[in-house]
Amino acid sequence: MSESNKDFDLKHRVLLQCIQSPIVALISDFSILFCNDSFAELLDKNTAEGIEGSNLLEISSEFENSLLYTLISDVFDNKKAKSLEVPFTDRHYNSDIYPTPWGIIAILSDITEKKRINSELKKSKRRFETLINAADDVIIQTDLEGKHIYRNKAYYSSLGFEDIDNIDLDRYSRIHPDDAPRLKISDTILMEKGKSSVEYRVKNKKGQWVNRYAKSVVLYENDKPVSILSIIRDVSELKRIENELQESESRFRSLIEQYPAGIVVHEKNGNVIFGNQAARKLWGISQEHYEYILGNYNILDDEQLEKKGLMPFIKRGFAGENISLPSIFFNPNNPDIHEFEGTKKLWVQSQLFPINDERGDVTEVVHILNDISEQKSIEVILRKERDTAQRYLDIIPVIMLALNKNQEVTLINRMGCETLGYSEHEILGKNWFDSFLPSRYREKVRTVFRNLLEGRISQKDRFENPIMTKEGEVREISWFNTMLTDEKGVIIGTLSSGEDITERKQAEEALKKSEENYRRLVSTSPEGIWVTDKEDITTFVNPALEKMLGYTKNEMLGHHVKDFLDTNSLTTFTAVSKERFSEQIDSSSYELTFICKDGIPLIARVSGRLIFDNKNEILGSFAIVSDITAKKKAEDFLLQARDYLSDQIDKRTHDLKKEKLRIEAIVETIPTGIVVIDSKMKFILINKKFHEFYQKIYQSKLPKFLNEVLILKNKFGDTISKIFYSKKDINTTIEPVKGFHLELASSKVISQPNTHIGVVIVVRDVTPFVELNNLRKQFVSTVSHELRTPITGISLSLQNLQRYWDKFSELEKKSLIETMSFSSDVLTQMVEDLLIVSRIEAGKFNLNWQNVKLRKTVKEVLIQMDSKRSEREISLSCNIASNIEFLGDGKRLSQVFRILLDNAFKYSKRHSKVRIEALDHYYGEYNPKNEDGILIQVIDSGKGIPEKDIPFIFDRYFRSDDIIDVPGSGVGLDIAKTIIESHHGEIQVESDYGYGTVFSIFLPRILNVKEVLDK
């Protein structure tokens, strides 16, 4: 061992051996001074013990040719550390090389897996971007200020732009002005809830408006919103389809009304909800009687139909089955319906067609009725002629069949009965197509029958179709048809002769298949056809297979099938081929991947069959090759698209249902009465408030129709009648009805094209507004009178002073000046009260918060009010502690005490008593929130307040009838209540009428102004 190696510290060697990264120490001739086991493994050595001291160039053939050798040599030469990513053996490393006094140390970090992962991530990113750009939906990512971070190609193409076009990126610049507010609301919801959806219109490059549906979500990092992802779909086609459906529905209704057959629609409980013109004519009823039937006739309760045995058929129809009812002799004069004039008995043939909802439940049943009385009378004649001809028909060796216009069998001979396996009475009267034809041929043959009756096809043409025997056997019949007419030449049915050609047909089909099968497969099959011998050598291919794989026929003949398969499919094909030939499996189906001539793989479904000679020896195999490459890709794509669309539809359906319930809840709970009346005077929507209005006016429940309301004559009914029959919208207020005023507004409901289909009426109780207006008028009159008194006093005093100044004594002058001063104070106070009311109504009532000493504030008011107290000779006591202080507006509280004391003095008898009490740190019944505060009470022994007026005593402009002769504006107590509540306090009143009143004020203790502003 060299001296350098001896100097290498043992503990350092142990430490470096524990490091997992490969480490090697070299001297200048590339001899290994030290390496750990990880480095030894790179050289295919088990441990480092056997290679220390060896020359690295001698033990590793790869080292000298590697970039690692060049890097280490450079460090030896320049004595400077270097770091570089290098490949070595079959992996990649980050190599850190450090020079030392005796050589170098190299530390390698394996980054092979990291490079592989980075490569896969880049591929995944490219695939993701390709998928996003291939999507039809617009996908946009923006920051929180709306600046675009990412947008796919559909962003431009959906509006007709190219991605190089200079398109305005402001999201509102191309939005329809009517939709911009809704989009801004959606943005607000998005930032509040993290997701939103909205429909709007946007202008494309051609200037056209395109309908869009956008779904947006907020993307978060570390629970903080960083960007917004939006997926936008073009729903213009969906909107167009919705409009077309509405127009189609209108045309469909018109068509039903003009349809020649009777159409009646029943609710699932049997009640009639619609009958077209033909149905009303069939019943022979007027419009008035028709409207009666809509609310009173139920088909499930019809005794006439029950007696004729039709009720089981009808119940099957209402249970969800399409059913044809037997023809009956029907009498519309059913006492359970109504006694109609001019009705007659007639034969009716009908069908029931149930209408189901998305869950399959029956919601309505459509009843189609046809008057077949004329046909029935003709049938009687035909029946007689049939009996005469029957003897001749029974000996004819062909089927003879007669049908009426209703497709019912009116005649059949013995040969027909024997072919079908039924007796004659089991066939006559039955619907030929529904009873004796296989279900999948019924509509097609029924169409031929109708065309025969209408003369669209010749009677000379022969027609073939199958029939079904009683035993379930299908027989092919060749028919020759002729028309049956009455004496007027009107077609009443068909007479057909039929020949059983079942056996001949089967023989012809077998021969035809035998002759054409191979030619059709080879020449016209879109699938590839591949024929091989027993060794799987190609003997024949069709043009479709040549086109599929890109090889010509000559390039494939004589080659083994394996020559065209990819590596993974070789095993599958070998196993299938061995099993098929060894076990003589006649047919098999499997998937293989072929390599086309251009090198592109093709996934195919292969269906193979063995080919045998006449001695049952195997000659080879025959295979049909179907290209399913696109199908495989489409299946994957469609599966993802289906899941996505299903999720979007479920969400959209849920949102629509939720929105419908929300709108219904809003309409039901709004405090305004709403009613919708259709053109037939039927109430189709009534909310809770309208019911309340109606019950207050009529003391009864609202009927189903407006004409029942109009019978009860009053202003309310007359106004609704005027609104209903008016050709324009109306807004009117009617005088008191049952003690309250009502405002009615209407809007006509118009369908396309400009057809009046109903009216919406909104009813609002405006009694409080009318009463408030009356109070305002009374207030103006009262204030005018109250202002006139002090103004008159000031005016007269001034006139007297001007005229008699020299004649008045100093005492008289002083008295007049005091009168003017008193009147001025009264006037100023009244104006101040009015200004406070104005500020309150304008929302500009503010407080000047400061420290208030309660006793000082109350005493200043008492000094101002002393003249009024003295005038009434009222004794006053004030029990307020001098240390009560709190935060408030002293000036406003002075107004409260002035108002309460002014009322106490005005409404108290002479020589009575008024007391003011205050209690600090009060907790009691006048402190409902149980917080620290002050109770102040003003107690008088005056006339008191009537019990009926106490609930209104703090209402603005309210004055009791009991004090109408006492001057006052009716705003004082309202001002006092506003000031106390602005201090977050409460004011209450208690009164014993005839004995006195107590006003109790509780003011919570507020510690600082910030607390007030926070509240």
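This report describes the nonpolar cores and the second largest cavity of a predicted model.

Residues are numbered from 1 along each chain as its sequence is written. Because the model is predicted, local features need pLDDT of at least 70 and side-chain atom pairs count only at pLDDT 80 or more, while totals for chains, interfaces and linings use all residues, and side-chain values use heavy atoms, with hydrogens and water left out.

A nonpolar core is a set of buried Ala, Val, Leu, Ile, Met, Phe, Trp, Tyr and Cys residues joined through side-chain atoms within 4.5 Å, where buried means under 20% relative accessible area with a 1.4 Å probe and protein chains only. The largest such core has 44 residues, of which Leu854, Phe897, Leu901 and Ile1001 touch the most other members. Among the elements that each supply at least two residues of this core are helix H29 (854–872), helix H30 (890–906) and strand E37 (996–1004), helices and strands being DSSP runs (H or I, at least four residues; E, at least two) numbered from the N terminus. H30 gives the most to this core, with 8 residues.

Leaving aside neighbours within four places in sequence, Leu901 is in contact (heavy atoms within 4.5 Å) with Val861, Leu862, Met865, Val914, Ile916 and Val938. Apart from the largest core lies another, of 25 residues, including Cys35 and Ile104.

| Core | Residues |
|---|---|
| Largest nonpolar core | 44 residues |
| Another core | 25 residues |

Terms used. Buried < 20%, exposed > 50% of the residue type's maximum accessible area, 1.4 Å probe, protein only.
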